Amino acid sequence: MKITHADVIVSCPGRNYVTLKIRTDEGVYGIGDGTLNGRELAVASYLKDHICPLLIGRDPQKIEDIWQYLYKGAYWRRGPVTMAAISAVDIALWDIKGKIANLPVYQLLGGASREGVMVYCHATGSDIPAALESFEHYRDQGFKAIRMQCGIPGMSTSYGLAKGNNKAYEPATKGKPEEQAWSTEKYLDFVPKLFEAVREKYGFETHLLHDVHHRLTPIEAARLGKSLEPYRLFWLEDPTPAENQADFRLIRQHTVTPLAVGEVFNSIWDCKQLIEEQLIDYIRATVTHAGGITHMRRIADFAALYQVRLGSHGPSDLSPVSMGAALHLDLWAPNLGIQEYMGYPEAALEVFPHAWSFNQGYMHPGDVPGIGVDIDEKLAAKYPYEPAYLPIARLEDGTLWNW
């Protein structure tokens, strides 16, 4: 069996997605996701201009050799564009291998470690009453874990807010990046009140999560983690930028609130110290940005040595293909913690027919051979790419800050 075609499909069925379709001389094909929010065309070009020509004529069953060829052979290793492109290839090759074996990918990985994958959703509100209403909406859908974000009094914008009650959070905007204001002081004073309100009204039955989104210094993050301890969070996500992994030592010294990091990571090296020193509890890297199933499996096994669990990134800016691949990995991984699930625009679900499903707070990838997600190319062509950017943040004095 040989690869005969490798085609890149860029579409926008509610969100911009970069899809790779690898075809073989025996008629078997595989689908991969290489979406990088706000930089989609960079990955598309990397695939079309540099990787796809190198795949033609290769044996698609040699997943490991092709992964090493694309990683080591480029000389310029890692980085989000390179690793998203490698991820797209890797997911597509696993899809092909599953179809050849007539097995879902999770069976090829070693079989299921659980019956379903616990997922969490995003509840948001402009104020505490609206946030509580959103919480109740998702709890009634069966979610066992809910991320809580809320508008901050005195701030014109706040991270994680949907543009309407019970609507999905959508950060990207067309045109130039939206500039948002940020006040660390107002945020730190308010957030504990949100979680106090949730626990007082709904108790401790539901897992609660919160995303700081890299906004705090280590000592500020330590203060927040300590103040949230009475409300028993499932995790506090991205409390500080993780370029300097040693920063998390300071946070660990001051709080027992579990920490989750890694949605912007793209290799095992980005989380090596964090895992080895047990400075985090959940690693949030994802199959689409961290080298596909092949590399994420290495991260999972490495993390398991230190009792760190998977909590993979799963926003709607990664396509349903990515969700399918993540769920296969999740179902297998003995050290799974939880999987993010934001849901998708209806158009995206139509463009990407899928076998994965949601039921009462848990998801399953399905038992279709391969990844279990396809693409309707004719329908995808009706949704051309639309340039969009993630926001930026500035402090109240105008200083550019971490969004």
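Angles from 65 to 115 degrees between axes count as roughly perpendicular. Keep that cut-off in mind for the helix pair below, and keep in mind too that this is a predicted model.

**Two helices that cross**

Let's start with helix H3 (residues 80–101) and helix H10 (residues 292–304). Their axes come within 6 Å and cross at roughly 100 degrees. H3 and H10 are therefore roughly perpendicular to each other. Who does the touching? On the H3 side the contact has Ser87, Asp90, Ile91 and Trp94, and these meet Gly292, Ile293 and Thr294 in H10. Sorted by character, the residues of this contact come out as three nonpolar, three polar and one charged.

**Strand E4 and its partners**

Next up is strand E4, which covers residues 117–125 and is mostly covered, with nine of its nine residues buried. In a regular strand the side chains alternate between the two faces of the sheet. For E4, the residues pointing one way are Val117, Val119, Cys121, Ala123 and Gly125. Met118, Tyr120, His122 and Thr124 point the other way, and the residues of both sets are buried.

Which strands does E4 pair with, and in what sense? The table has three of them, each with an opposed residue pair.

| Partner of E4 | Residues | Sense | Bridges | Opposed pair |
|---|---|---|---|---|
| E5 | 145–150 | parallel | six | His122 and Arg147 |
| E13 | 339–340 | parallel | two | Val119 and Gln339 |
| E15 | 362–364 | antiparallel | two | Met118 and Tyr362 |

The E5 pairing has a helix to go with it: E4, helix H5 (residues 128–140) and E5 make a right-handed β-α-β unit. If you want a residue to click on in that helix, try Ala130, which lies in H5. Ala130 has a relative accessible area of 13%, so this residue is buried. Ala130 and Cys150 are 20 residues apart in sequence, while their C-alpha atoms are 8.4 Å apart in space.

**A three-stranded open sheet**

Elsewhere there's an open sheet of three strands, in the order E7-E17-E18 and with mixed pairing. Strand E7 (179–182) and strand E18 (400–401) stand at the edges, and each has a single partner strand, so one side of each is left without a neighbour in the sheet.

How many bridges join E7 to strand E17? There are four, and E7 and E17 (residues 392–395) run parallel. Two opposed pairs are easy to pick out along this pairing: Gln180 stands opposite Ala393 in E17, and Trp182 stands opposite Leu395 in E17. Gln180 and Trp182 also make up the covered face of E7, whereas Glu179 and Ala181 make up the uncovered one.

**Two positive phi angles**

If you like checking backbone torsions, here are two residues to look up. Tyr75 has a phi near 70 degrees, a positive value in a residue other than glycine. His214, which is not a glycine either, has a positive phi of about 70 degrees.

Both sit in loops, so to speak, but let's place each one. Tyr75 lies in the loop between helix H2 (63–72) and H3, the latter being the helix that crosses H10. His214 lies in the loop between strand E8 (207–211) and helix H7 (218–228).

Are these residues buried or exposed? Tyr75 is exposed, with a relative accessible area of 63%. His214 is buried, with a relative accessible area of 15%. The cut-offs behind those words are over 50% for exposed and under 20% for buried.

**A buried serine in H11**

Last stop is Ser322, which lies in helix H11 (residues 320–332). At 3% relative accessibility, Ser322 counts as buried. What does Ser322 touch, leaving out residues up to four places away in sequence? The contacts are Asp33, Thr286, Val287 and Thr288.

Key
Residues numbered from 1 in each chain as written. Predicted model: local features only at pLDDT ≥ 70, side-chain atom pairs only at ≥ 80, totals over all residues. Heavy atoms only, no water. Pairing = 2+ DSSP bridges. Buried < 20%, exposed > 50% of the residue type's maximum accessible area, 1.4 Å probe, protein only. Right-handed = clockwise from strand over helix to strand, strands pointing away. Axes fitted to C-alpha atoms, helices over the stretch in contact; angles between N-to-C directions. Parallel < 35°, antiparallel > 145°, perpendicular 65-115°, else oblique. Contact = heavy atoms within 4.5 Å. Nonpolar A, V, L, I, M, F, W, Y, C, P; charged D, E, K, R; others polar.
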